[in-house]
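Trainee: I would like to learn how to read the surroundings of a ligand and the pockets of a protein. May we begin with the model itself?

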Amino acid sequence: MGSELLKVGVLVSGRGSNLQAIIDASERREIHARVVVVISDKEDAYALERARKHGIEALFIDPRAYPGREDHERAVGDELEKRGAGLICLAGYMRVLSSYFVKRFYGRIINIHPALLPSFPGLHGQLQALEYGVKISGCTVHFVDEDVDHGPIIIQAAVPVLADDDEDTLSARILEYEHKIYPRAVQLFAQGRLKIQGRRVKVERGIFPPWAVTNPSLED
Ligand code: GAR
């Protein structure tokens, strides 16, 4: 692989399946990156266990131990910096970051969301899509800015919403693609191929599919 690996810090609150996808891609050497620390705001997050199983440092930093949001974020940021994290991945991190944190790391924080942003930001993106009645939903990896699920978009995957879907089945279909696009976004970042140009992210040397997805199909 040659050049040095990008050091990644991952912030989590829960089960950590996206964290797992990044760790697996790293261990398979599909990405020029390695996870150096996983930080949770929840002590019982399964993601912490996943990290430890792979010999990755796992920290619980309790927001309740700090007088305010920024104090907690300063502690999180310091731990990330201490370990030289060049990229911070939010992977089911259920806290809204303050402008303090976003400014400190702007352009080096990315997030995954289970909908095609700007549709259905916030909680339960999959259920929101289902209830709205869209025929296509998906997932998005984007740079983090000061608004929730809002910053410049790096990569998206579209999946069909099927007639008999419920929140679980749609979430599972979307999750399969979350696990593909998140490691891919990390790799594009690690290779220095992402250029933020205002709201748009230029992906250098990307391959761009010329076809469209329709649901239902145009065919019978
Ligand atoms: C994922 O579906 C992720 O897209 C979502 O939380 C889940 C975390 O799962 N994030 C958001 O909704 C952010 N607005 P994971 O812990 O198994 O990766």
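Trainee: How many residues of each class are in the shell around the ligand?

Mentor: Classes are assigned by residue type: Ala, Val, Leu, Ile, Met, Phe, Trp, Tyr, Cys and Pro count as nonpolar, Asp, Glu, Lys and Arg as charged, and the others, Gly among them, as polar. Here the shell has three nonpolar, six polar and three charged residues. The model is predicted, so local features need pLDDT of at least 70 and side-chain atom pairs count only at pLDDT 80 or more, while totals for chains, interfaces and linings use all residues. Residues are numbered from 1 along each chain as its sequence is written, and side-chain values use heavy atoms, with hydrogens and water left out.

Trainee: Which residues surround the ligand?

Mentor: A residue is near a molecule if one of its heavy atoms lies within 4 Å of it. The residues around this ligand are Arg15, Gly16, Ser17, Asn18, Gly92, Met94, Ile112, His113, Pro114, Gly122, Asp149 and Glu178. Both α1 (17–27) and β5 (109–113) supply at least two residues of this shell; such helices (H or I, at least four residues) and strands (E, at least two) are DSSP runs, numbered from the N terminus.

Trainee: Which side chains have an N or O atom at a short listed distance from an oxygen atom of the ligand?

Mentor: A polar contact is a pair of N or O atoms within 3.5 Å; within protein, one must be able to donate a hydrogen and the other to accept it, and residues adjacent in sequence count only if both atoms are side-chain atoms. The side chain of arginine 15 places an N or O atom 2.5 Å from a ligand oxygen, and for asparagine 18 the corresponding distance is 2.9 Å. A polar side-chain atom of aspartate 149 lies 3.4 Å from a nitrogen atom of the ligand. The ligand taken alone exposes 450 Å², of which the protein buries 90% (areas by the Shrake-Rupley method with a 1.4 Å probe; for residues, only the protein chains shown count as cover).

Trainee: What is the phi of aspartate 149, and where is this residue found?

Mentor: Aspartate 149 has a positive phi of about 50° although it is not a glycine, and its place is the loop between β6 (136–143) and β7.

Trainee: Which pocket does the ligand take up?

Mentor: Rolling a probe the size of a water molecule over the atoms shows where empty space is left. On a 1 Å grid over the protein atoms alone, a cavity is a set of points where a 1.4 Å probe fits but cannot get out, and a pocket is an open set with protein on both sides within 12 Å along at least five of seven lines; lining residues have an atom within 4 Å of a point. The ligand takes the space of the largest pocket (a molecule sits there if more than half of its atoms lie within 2 Å of the grid points). This pocket holds about 820 Å³ of space (grid points are joined across faces, edges and corners, and a volume is the space filled by probe spheres set on the points). Its lining has 34 residues, with Gly92, Tyr93, Met94, Ile112 and Pro114 nearest the centre. The largest share, four residues, comes from α6.

Trainee: What lines the second largest pocket?

Mentor: The second largest pocket, of about 600 Å³, is lined by 20 residues. By class, these are 14 nonpolar, two polar and four charged.
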